[in-house]
Amino acid sequence: PGTASEPVHQFFAMYTNMMPTWLAITLAVILVVMSQIKINVTNAYSGSLAWTNAYTRLTRRYPGRIFFVFVNVGIALSLMEFNMFSMLNSILGFYSNVAIAWIFTVASDIAINKYVLGISPRYPEYRRGMIFPINPV
């Protein structure tokens with residue numbers, strides 16, 4: 001029961017119904033390792049894009065993407081070492097509240113500012129010069 005949230009146990013339980021135990025555990029471990037490598041590489045790269053973009057906008061300097069790959073990986077390792085997986089439920093619960101608040105903020109901004117008050121253009125307009133270095137929203 002305590003290990004039901006771990007992916008290797010989920011895959012192992014599913015595969016044991018279809019094949020011998022030694023093959024089930026092998027496939028479960030391979031699948032989890034491959035998916036974790038893919039997830040972590042994608043997160044490290046996309047996180048470095050976000051860090052680079054924010055840092056460059058604020059400071060007008062570009063230290064290089066590889067620097068922020070290491071920063072992002074360092075943060076991820078720290079979170080792993082502090083056992084953030086055990087706090088995942090409360091973190092995701094808080095995040096879902098923030099996300100729904102963000103969605104309603106954007107929807108209200110569009111509905112009120114565009115259509116009711118008419119203080120912003122009805123059609124989205126994108127020019128790099130119109131973007132603020134820090135998003136006030």
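In what order do the elements of the protein run from the N terminus on? They run α-α-α-α, and what you are looking at is a predicted model.

**View 1. The whole protein, built from helices.** Let's start with the full chain before zooming in. The protein has four helices and zero strands. Of its 137 residues, 9% are buried. About 11100 Å² of the protein is exposed, and carbon and sulfur atoms supply 71% of that area. Among contacts between residues at least 6 apart in sequence, 32% join residues at least 24 apart.

**View 2. Helix H2 from end to end.** Follow this helix from residue 21 to residue 59. How far apart are its end C-alpha atoms? They are 56 Å apart, which agrees with the 57 Å that 39 residues should span at 1.5 Å a residue. Just after H2, look for Arg-60, which takes a positive phi of about 60 degrees.

**View 3. The buried residues of H2.** Here you can pick out Ala-24, Ala-28, Val-32, Ala-44, Gly-47, Ser-48 and Thr-52. A handy rule helps when reading such a list: an α-helix has 3.6 residues a turn, so residues three or four places apart point the same way. Which helices help to cover the buried residues of H2? The cover includes helix H1 (7-15) and helix H3 (65-81).

**View 4. Ser-48 and its neighbours.** Now zoom in on one residue of helix H2, Ser-48. Is Ser-48 buried or exposed? Ser-48 counts as buried because its relative accessibility is 0%, and the cut-off for buried is under 20%. Leaving aside residues up to four places away in sequence, Ser-48 touches Arg-65, Phe-68, Val-69 and Asn-72.

**View 5. A nonpolar patch on the surface.** This patch covers about 1100 Å². Among the residues that make it are Ile-100, Trp-102, Phe-104, Tyr-115 and Ile-119. Try finding Ile-119 in the segment after helix H4 (88-116). Ile-119 counts as exposed because its relative accessible area is 63%, and exposed means over 50%.

**View 6. Spans listed by UniProt.** An unreviewed UniProt entry lists residues 12-33, 66-85 and 91-112 under "transmembrane region". In the model, residues 12-33 are 77% helix and 0% strand, with end C-alpha atoms 13 Å apart. Residues 66-85 are 80% helix and 0% strand, and the end C-alpha atoms of this span lie 26 Å apart.

How values were computed
Residues are numbered from 1 along each chain as its sequence is written. This is a predicted model: local features need pLDDT of at least 70, side-chain atom pairs count only at pLDDT 80 or more; totals for chains, interfaces and linings use all residues. Side-chain values use heavy atoms; hydrogens and water are left out. Helices (H or I, at least four residues) and strands (E, at least two) are DSSP runs, numbered from the N terminus. Buried means under 20% relative accessible area, exposed over 50%, partly exposed in between (1.4 Å probe, protein chains only). Contact means heavy atoms within 4.5 Å. UniProt positions are given in the numbering used here, feature names are shortened, and annotations may be inferred rather than shown by experiment. The expected span of a helix is 1.5 Å times one less than its number of residues. Patches are made of residues with over 30% relative accessible area and no salt bridge: like charges are joined within 9 Å, nonpolar side chains (Val, Leu, Ile, Met, Phe, Trp, Tyr) within 5 Å. Accessible areas come from the Shrake-Rupley method with a 1.4 Å probe; for residues, only the protein chains shown count as cover. A salt bridge is a side-chain nitrogen of Lys or Arg within 4 Å of a carboxyl oxygen of Asp or Glu.
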